[in-house]
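Please work through the exercises below with the sequence and the model at hand. Each task is followed by a worked solution.

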Amino acid sequence: MAGLSDTTFLYLLGGTILALAGKSDAADSTALLRAAGISMGGPVTVRPLMSVGSQNLRLDDIRLLAADIKARHAEGVRAFVVAQGTDTMEETSFLLSLLAPAGATIIMTGSMRTADAPGAEGPGNLRDALIAARDLAGKRPGVLVAIAGELHDARLVRKMDSGRIAAFGSPGWGPVGSIITGRVRLAMTPLPAPGPYVWPVDQAAARVGLLTVAMDADPLSVLPYADDAWAGLVVEAMGSGHVPQTLAAPLAAIAATKPVLLVSRCPQGDTDGHGTYQGEGTAAWLIANGLIDAGSLDGRKARLLLTVLLAAGLDVRTQMTGWAGMGLV
């Protein structure tokens, strides 16, 4: 009989991979597993945790998922697959990478076509994810997204298209590997894993805002985040981290009272923490006036990271300096 170390845990959260076009009912998960060549009596343990569109997933859902993975990992399981909707997969994969045990191999997957659509790619993606989880278990821990034959690192991946089958990419980097005809190939050295972070079960999620700065943005858009109800803020600034001068002083005032992370709204690139540009509202000015440089992280992932750091009771500035030292921001 195979031990737990030979078992892959498959968590089903819902999403298009289990959806039927124009219907609120989910498809039969057994049919999906059968189409993917998964035997219910084989080395795959299936856990249907929920059935929701990923736009409705909550931080607590992923925290509970991470806790279950931690428990199974402690029992000896090394390979995990999570099937969910694609809308928030770039976020859930990153959050899971912060909370899951360091030695676990976790592959996220989903689909862009519903289960009843002609040419539905869900079974193939699920099959690839299971192959990758088994192949990489014990060799490549961390969280990857398996979509359209590609493997993307949770730190880098973004949903790039709202409808195409190959909807995911890693801007500026590309996929870290591939699954072709059942063979897994890794092309990049894994990024260092800074976690896992401990989010106490009795600690509610900190309320962290995300502000995307636009041309001629109204200073009133900043003011709500000064309220004590917000524990932190992420600013998606223009270009390499700049904001209109009218927003500079209000953001600095908020940064004097709570952590404010600075990132770029661009899909690729970094913030200009070295001061190529000077003057009120530039990245150098904002960082000198209390904002914390989050480098190449995108705003959605920076929000999740700040939420976890606050929930864990850690000093945000110290932690972000550590991330910079590992080349993660």
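The exercises concern two sheets, several helices and two loop residues.

This is a predicted model, in which local features need pLDDT of at least 70, side-chain atom pairs count only at pLDDT 80 or more, and totals for chains, interfaces and linings use all residues. Residues are numbered from 1 along each chain as its sequence is written, and side-chain values use heavy atoms, with hydrogens and water left out.

**Exercise 1.** Describe helix H2 and its surroundings.

Solution. Helices (H or I, at least four residues) and strands (E, at least two) are DSSP runs, numbered from the N terminus. H2 covers residues 59-74, 16 residues in total, and spans 23 Å from its first C-alpha to its last. This is close to the expected 22 Å, the expected span being 1.5 Å times one less than the number of residues. Next, consider burial (under 20% relative accessible area is buried, over 50% exposed, in between partly exposed; 1.4 Å probe, protein chains only). Among the buried residues of H2 are Ile62, Leu65, Ala66 and Ile69, and also the residues Asp61, Arg63, Asp68, Arg72 and His73. Their cover includes strands E1 (8-12), E2 (44-48), E3 (79-83) and E4 (105-109), together with helix H3 (89-99). After H2 comes Gly76, with a positive phi near 120 degrees.

**Exercise 2.** Determine the strand order of the eight-strand sheet and identify its edges.

Solution. Two strands pair if DSSP finds at least two bridges between them. The sheet is open, its order is E2-E1-E3-E4-E5-E6-E9-E10, and its pairing is mixed. E2 and E10 (183-186) each have a single partner strand and stand at the edges, so one side of each has no neighbour in the sheet. From one strand to the next, the twist averages 25 degrees. E1 and E2 are joined by five bridges in the parallel sense, and Phe9 stands opposite Thr45 in E2. H3 packs on this sheet, touching E3, E4 and E5 (142-147), and its direction makes about 170 degrees with that of E4. Such angles run from 0 to 180 degrees between N-to-C directions, and axes are lines fitted to C-alpha atoms, for helices over the stretch in contact.

**Exercise 3.** Analyse the four-strand sheet in the same manner.

Solution. The order of this open sheet is E11-E12-E13-E14, with parallel pairing. Its edges are E11 (208-212) and E14 (292-293), each with a single partner strand, so one side of each lacks a neighbour in the sheet. E13 (residues 260-264) pairs with E14 over two bridges, and the bridge partner of Leu262 in E14 is Asp293. Helix H7 (residues 299-311) packs on the sheet and touches E11, E12 (232-237) and E13.

**Exercise 4.** How do H3 and H7 pack?

Solution. The angle is about 30 degrees and the axes are 10 Å apart. H3 and H7 are therefore roughly parallel, a term for angles under 35 degrees. Contact (heavy atoms within 4.5 Å) involves residues including Phe94 and Leu98 of H3 and Leu304 and Val308 of H7.

**Exercise 5.** Where do Ala148 and Thr181 lie, and are they buried or exposed?

Solution. Most residues other than glycine have a negative phi. Ala148, in the loop between E5 and E6, has a positive phi near 55 degrees. At 35% relative accessibility, Ala148 is partly exposed. Thr181, in the loop between E9 and E10, has a positive phi of about 45 degrees. Thr181 is exposed, with a relative accessible area of 74%.

Terms used: Parallel < 35°, antiparallel > 145°, perpendicular 65-115°, else oblique.
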